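Work through the exercises below with the model open. Try each task before reading its solution.

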Amino acid sequence: MRIYKFLSDSGVASRRDAAKVARSGGLLVDGVAVKDTSKHIDPDKNEVSFLGKIIRYSRRPYSLSVSTFQRRWQAMEKGQPSCLRLRW
């Protein structure tokens with residue numbers, strides 16, 4: 001997995017922000033400064049430090065699923081007014 005994908009999936013930074021921090025020297029992989037975020041790492045074996053904080057890989061769950069949208073769409077078709085209020 002590429003470093004920028006690792007950081008964006010973990011919710012630490014966007015891909016562009018990760019590249020900016022890496023160019024300034026704030027990204028370490030196994031204690032070595034990395035300036036190129038397109039290099040590959042293994043999230044289970046490598047230790048990634050972003051601005052002094054060790055990052056563990058955890059893919060963020062998406063807050064909405066397709067079924068949520070499908071249920072609201074079906075309710076809208078039936079004319080139920082409760083579906084018009086979005087509860088995030």
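**Exercise 1: the cover of a helix**

The buried residues of helix 1 are Ile 3, Phe 6, Leu 7, Ser 8, Asp 9 and Ser 10. The model is a predicted one.

Task: find which elements the buried residues of helix 1 pack against.

Solution. Start with the cover. Six of the eight residues in helix 1 are buried, so this helix is mostly covered by the cut-off of under 20% relative accessible area. Then list the partners. The buried residues pack against helix 2 (15–24), strand 1 (27–29), strand 3 and strand 4. Last, look just past the helix. Gly 11 follows helix 1, and its phi is positive, near 85°.

**Exercise 2: one serine**

Task: decide why Ser 10 counts as buried, and find which backbone oxygen lies 2.9 Å from a polar atom of its side chain.

Solution. Place the residue first. Ser 10 belongs to helix 1, which spans residues 3–10. Next, apply the cut-off. Buried means under 20% relative accessible area. Ser 10 has 14% relative accessibility, so it counts as buried. Now check the side chain. A polar atom there lies 2.9 Å from the backbone oxygen of Phe 6.

**Exercise 3: the sheet**

Task: state the strand order of the open sheet and name its edge strands.

Solution. The sheet has four strands in the order 2-1-3-4, with antiparallel pairing. Strand 2 (32–33) and strand 4 (53–55) are the edges, since each pairs on one side only. Now zoom in on one pair. Strand 3 (residues 48–50) and strand 4 run antiparallel, joined by three bridges. Within strand 4, Ile 55 is the bridge partner of Val 48.

Methods
Residues numbered from 1 in each chain as written. Predicted model: local features only at pLDDT ≥ 70, side-chain atom pairs only at ≥ 80, totals over all residues. Heavy atoms only, no water. Pairing = 2+ DSSP bridges. Helix = DSSP H or I, 4+ residues; strand = E, 2+ residues; numbered from the N terminus. Buried < 20%, exposed > 50% of the residue type's maximum accessible area, 1.4 Å probe, protein only. Polar contact = N/O pair within 3.5 Å; in protein donor to acceptor, adjacent residues only side chain to side chain. Contact = heavy atoms within 4.5 Å.
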